[in-house]
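Take a look at the sequence and the model below. Then follow the text from one spot to the next.

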Amino acid sequence: MRIFQTLMAFSGNAPPQLALTRRLVERGHEVRVLAHRAASERVQQTGADFVEFHQAHPEFDITKRETDSLRDWEARTKLGASLRLLKNAMFAFVLSTARECAASLQDWPAEAVVFDWMFTGAAVAAESAGLPAVALVHCPYPLSVKGAPPLFSGMSPMSGPAGRVRDGLLSWFADRGFATGLPLLNKARAEQGLGPLPRWDAQLLGAQAIYVMTAPELDFASQGALPANVRYVGPAFEPFTREWASPWPAQNTDPLVLVSFSTSYMNQGALVQRVLDALAKLPVRVLLTSGPALDVAGLRVPANTHVEAFIPHRTVLPHASLVISHAGWQTINAALADGVPLVCIPDGRDQPGNAARVVSAGAGVRVGKGASPKKLRGVIAAALEDPEIKRNAEVIAAAQARSDGALTIAEELERLG
């Protein structure tokens, strides 16, 4: 089967989608992936054919301050950050992605299109070509659902009439934000010979399937009235080739705390420093994975902390007692797949909503990103001693283990053929 895939291979978007890419190649399918130049090596490692974006911001790379075109971390308010993210991520790629996907599909006829839900232009190109298209959602379900607060509100469910009114208003505001991109979407559709749509979300909802790559127990939207083509398929993880080797002597049995604050640049250096200052006075072993976005040269690293640029988290998590994170969804998925509770310190984007889902599941705690080292130390120490969040994390681990997202999607794609 020939499968054309387009993805935003950065941050939390990439790992579950690349896990699917690899699984499809292993099952004998031809997969061609349209992605940005900076993602070429990761795509090629899956065995897929890499095709580079030439129009859709070819130099796009959100791992470094100087190349980050999202720049939502510069905004002074949450609303400003959200609008900037919509403008610079969701909407900036619509026209160019539709054009490049359409050209690629003419050059390389496919039997199905798989797209990152944020790349709406790929769905336009698939519709124009008459091909079945499926959307991959690497975060909680992002569209408004009656009976649940929208993801980007950062809110937890509220029962009763007041809750219904609140969620209705939040959904209205969320829909209004997405609606600002409708003119661009309809322009892309017109270029591909398609008629206009009345709503932005109609393009995504028109996909043959929308696969949410986590367990429904972790997402408020699963409790609401979801469209018929939405399915929770479970997480998908890329394989790792080596086991983690602890840098501490065997006799050191202090609890291991994994600290990770995003593979994309969000001006997170000061926050990481406060977390390290908090941990410095606790009897723990700290493993900080810096990724490409964090400059560790400017950090004061305490004696109980070991820094690595990159280690596959799933090699470390079986040994960890706690994860401290910005609440990126893939860090949450990975931690809870191994039953490790979290201290969530959301920075922006979908992270406040992600943290709300962890807290609602009882699998972790949340603290504000402006918290002092003293405040953070108290929260972390309490989390390490709390058996309830550990039990709840293990409940979610069992839910996550029910389904392999990459395998489920691969099998469903094969039924299309």
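The paragraphs below go through rings, empty space, a helix and some single residues.

This is a predicted model, where local features need pLDDT of at least 70, side-chain atom pairs count only at pLDDT 80 or more, and totals for chains, interfaces and linings use all residues. Residues are numbered from 1 along each chain as its sequence is written, and side-chain values use heavy atoms, with hydrogens and water left out.

Start with the aromatic rings. How many aromatic pairs does the structure hold? It holds four. Rings of Phe, Tyr and Trp (its six-membered ring) pair if their centres lie within 6.5 Å; planes under 30 degrees apart count as stacked, over 60 as edge-to-face and the rest as tilted. One of the pairs is F53 with F119. Their ring centres are 5.6 Å apart and their planes stand at 65°, so this pair is edge-to-face.

Where do these two rings sit along the chain? F53 is in the loop between β3 (49-52) and α3 (78-91), and F119 is in the loop between β4 (112-116) and α5 (120-129). The pair therefore ties together parts that are 66 residues apart in sequence. The helix and strand names follow one scheme: helices (H or I, at least four residues) and strands (E, at least two) are DSSP runs, numbered from the N terminus.

F53 and F119 are both buried. Buried means under 20% relative accessible area, exposed means over 50%, and partly exposed lies in between (1.4 Å probe, protein chains only). F119 has a relative accessibility of 1%, so it counts as buried.

F119 has another ring partner, F93. The centres of F93 and F119 are 5.5 Å apart and their planes are at 80°, so this pair is edge-to-face too. It links distant parts of the chain: F93 is in the loop between α3 and α4 (94-107), 26 residues from F119. F93 is buried because its relative accessible area is 1%. Put the ring pairs together, and F53, F93 and F119 form a cluster.

Another ring has a charge for company. The charged end of R314 sits over the ring of F237, 4.2 Å from its centre. A charge sits over a ring if NZ of Lys or CZ of Arg is within 6 Å of the ring centre and within 35 degrees of the ring normal.

Now turn to empty space. Rolling a probe the size of a water molecule over the atoms shows where empty space is left. On a 1 Å grid over the protein atoms alone, a cavity is a set of points where a 1.4 Å probe fits but cannot get out; lining residues have an atom within 4 Å of a point. Grid points are joined across faces, edges and corners, and a volume is the space filled by probe spheres set on the points. A search of the whole structure gives two cavities of 30 Å³ or more. The largest has about 40 Å³ of space. Its lining includes Y141, L143, P149, D219, F220 and R357. By class, that lining has nine nonpolar, one polar and two charged residues. Here Ala, Val, Leu, Ile, Met, Phe, Trp, Tyr, Cys and Pro count as nonpolar, Asp, Glu, Lys and Arg as charged, and the others, Gly among them, as polar.

Next, find helix α7, residues 182-191. Which of its residues are buried? They are L182, L185, N186, A188 and R189. These cover an arc of only 155° around the axis, which puts them on the same side of α7. The arc is that of the directions from the helix axis to the C-beta atoms. On the other side, P183 and A190 are exposed.

Some single residues finish the tour. A327 lies in the loop between β11 (322-325) and α11 (329-337). Its phi is near 75°, a positive value in a residue other than glycine. A327 is buried, with a relative accessible area of 0%.

Is A303 buried or exposed? At 86% relative accessibility, A303 counts as exposed. It is found in the loop between β9 (285-289) and β10 (305-308). From A303 to V286 is 17 residues in sequence and 9.3 Å in space, C-alpha to C-alpha.

Last comes A397, in helix α14 (residues 387-400). A397 is buried, at 12% relative accessibility. The C-alpha atoms of A397 and A337 are separated by 4.4 Å, though the two are 60 residues apart along the chain.

Conventions:
1 Å grid on protein atoms, 1.4 Å probe; cavity = no way out; pocket = protein on both sides within 12 Å on 5 of 7 lines; lining within 4 Å.
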